[in-house]
Amino acid sequence: MENNYHVPVLLKECIDGLAIKPNGVYVDVTFGGGGHSREILKHLGAAGVLIAFDQDPDAQRNKIDDPRFHFVDQNFAFLKNNLRLLGYKEVDGILADLGVSSHQFNEPERGFSTRFESALDMRMDKQGKLTAAEVLNTYTEDKLHKIFGIYGEVKNAKSLAKAVVTGRVEQPIETLADFKKAVAVHIPKGKENKYMAQVFQALRIEVNAEIDVLESFLTQTAEVLKNGGRLVVMSYHSLEDRPVKSFLAKGKFRGEVEKDFYGNEQKPFKVITRKAVMADADELERNSRSRSAKLRIGEKL
Ligand SMILES: C[S@@+](CC[C@H](N)C(=O)[O-])C[C@H]1O[C@@H](n2cnc3c(N)ncnc32)[C@H](O)[C@@H]1O
């Protein structure tokens, strides 16, 4: 594996959270550089199994040569079906380390970073149909307004959407420079980096349907985890953390927990982490990517 592909975040905390049984079946749905997967394998015995998912073909170069390891080149939205295809109806633990890897972020042609002057792509799955440029050039003003506002929490989302729709008539928005040219007057002075990061977050979430995929994945975890099995999820912004927190606490994404006739709560998980686990000072110093990480753990009831 390339050393700089990705440095795993909260590695010990994730492994402890999985409470690994040596002969258990574990799933790492965000393989990336394989940092967490390698550590899981260290805790598994000869009869243990690790199944890793990643939708980015680049991650396949990090595949682990080990008879206990299976790689699935699919979106984790298809967790349950792929586990069945491999012959597993139930598993002992699932880990998700959401978002993009350092590798994806640092490759200019992937278009994830505002640091590079490149095409606005942002697909995690390189075969995916929708790119960020397509979102900007084809979506209605209303839809762009919602995406910037809800996924990016951009304050002037309405005027930004209008500027995109007006600007693209003159020249399609294909690159970061095209985008900046079209919306220049709306980027707050002195806050350009933060603003662009919010816009990029919004586009990335839309391109990869990240919120829908996350909700579908979480729902399936409750169906495939054995009783007592662990779900460990690490997120990097509040739009991801909110559904994770809500699903673990209430078994749903909106509204209050369901109760049966006797008032017993109907929910699939016991929350192990009352408060999200975050990186300590030592890790923050070693790895700036750990800055926004929030880890939540649930145990299947
Ligand atoms: C933050 S990185 C994981 C890093 C990994 N834990 C490590 O230590 O190297 C996230 C990875 O998950 C993949 N990924 C994100 N969303 C995915 C999805 N819905 N389905 C499959 N893979 C996904 C990305 O392509 C990326 O490689």
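Here is a short set of questions and answers about this predicted model.

A word on the ground rules: residues are numbered from 1 along each chain as its sequence is written. Local features need pLDDT of at least 70, side-chain atom pairs count only at pLDDT 80 or more, totals for chains, interfaces and linings use all residues, and side-chain values use heavy atoms, with hydrogens and water left out.

Me: Which helix supplies the largest share of the largest nonpolar core?
Reply: Let's start with the term: a nonpolar core is a set of buried Ala, Val, Leu, Ile, Met, Phe, Trp, Tyr and Cys residues joined through side-chain atoms within 4.5 Å. Here the largest one has 32 residues, and α5, α6, α7, α8 and α9 each supply at least two of them. Helices are DSSP runs of H or I, at least four residues, and strands are runs of E, at least two, numbered from the N terminus. The largest share, seven residues, comes from α9.

Me: Is Asp212 buried or exposed?
Reply: Asp212 sits in helix α10, residues 210-224. Buried means under 20% relative accessible area, exposed over 50%, and partly exposed in between, with a 1.4 Å probe and protein chains only. Because its relative accessible area is 56%, Asp212 is exposed.

Me: Which strands do the buried residues of α2 pack against?
Reply: Helix α2 spans residues 35-43, and its buried residues include His36, Glu39 and Leu41. Contact means heavy atoms within 4.5 Å. Besides helix α1, these buried residues pack against β1, β2, β3, β4 and β5.
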